Amino acid sequence: FWGITTMMSEAGIEVALTQAGFPMLAIGEPIPVTLHLFEEDLTLRGVVTQTGTQQEFPTIRIQLQGLTLAQHRQLVQILFCRPGQWKRRNSPGEWQSLLLLGRILLKPRVLFAPATDVPVVNVAKV
């Protein structure tokens, strides 16, 4: 079934389905589902806890279950962060930082850097 996410939280999701035919929920019989969010490339598992209709569309509420740590982190990022807020920065690790510090101490730029002379450019003639 295809649908549009209308509400979303860490605990569950409400989806308005774009086609009819989803089975009505019997009391005490949850329906296990697998939900795939295409825009985020995230697959979640859960149980349908409520069915109904809103504005001629069938709606279902899914209670999420069995989230892995990576799935939970991605879900929190979707819910609470602006797009592109948490980008990875390519910074050196601990050992690489120690090697860089050692190289700076053994070969300081002040002593070994070539002399750089800034050329002067005439702006106006007097």
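**Note on the predicted model**

1. The count of salt bridges comes to one, taking a side-chain nitrogen of Lys or Arg within 4 Å of a carboxyl oxygen of Asp or Glu as the rule. The structure is a predicted model, and side-chain atom pairs count only at pLDDT 80 or more.

2. The salt bridge is formed by the side chains of Arg61 and Glu14, with an N to O distance of 2.7 Å. Arg61 belongs to strand β5 and Glu14 to strand β2, so the pair ties together parts that are 47 residues apart in sequence. Side chains of opposite charge can pair when their charged atoms come close.

3. The two partners should be described separately as regards accessibility. Glu14 has a relative accessible area of 6%, which is under 20%, and therefore counts as buried. Arg61 has a relative accessible area of 35% and is partly exposed, because this class covers values between 20% and 50%.

4. The strands that carry this pair are also joined through bridges. Strand β2 (residues 12-17) runs antiparallel to strand β5 (residues 57-64), and five bridges join them. Within this pairing, Ala16 stands opposite Thr59 of β5.

5. Strand β5 also pairs with strand β4 (residues 42-54), again in the antiparallel sense, over eight bridges. Thr51 has Ile60 in β5 as its bridge partner. β4 and β5 form a hairpin with two residues between the strands, and in this hairpin Gln55 takes a positive phi near 50°.

6. Which backbone oxygen does the side chain of Gln71 reach? The acceptor belongs to Thr43, and the distance is 2.6 Å. Gln71 itself sits in helix α1, which spans residues 69-80. Leaving aside residues up to four places away in sequence, Gln71 touches Leu42, Thr43, Leu44 and Gly66. Strand β4 spans residues 42-54, so the contacts of Gln71 with Leu42, Thr43 and Leu44 link helix α1 to this strand.

7. On the surface, Trp95, Leu98, Leu101 and Ile104 make a nonpolar patch of about 510 Å². Leu98 is part of helix α2, residues 94-106. Is Leu98 buried or exposed? Leu98 has a relative accessibility of 51% and counts as exposed, because the class begins over 50%.

Methods. Residues are numbered from 1 along each chain as its sequence is written. This is a predicted model: local features need pLDDT of at least 70, side-chain atom pairs count only at pLDDT 80 or more; totals for chains, interfaces and linings use all residues. Side-chain values use heavy atoms; hydrogens and water are left out. Patches are made of residues with over 30% relative accessible area and no salt bridge: like charges are joined within 9 Å, nonpolar side chains (Val, Leu, Ile, Met, Phe, Trp, Tyr) within 5 Å. Accessible areas come from the Shrake-Rupley method with a 1.4 Å probe; for residues, only the protein chains shown count as cover. Helices (H or I, at least four residues) and strands (E, at least two) are DSSP runs, numbered from the N terminus. Buried means under 20% relative accessible area, exposed over 50%, partly exposed in between (1.4 Å probe, protein chains only). A polar contact is a pair of N or O atoms within 3.5 Å; within protein, one must be able to donate a hydrogen and the other to accept it, and residues adjacent in sequence count only if both atoms are side-chain atoms. Contact means heavy atoms within 4.5 Å. Two strands pair if DSSP finds at least two bridges between them.
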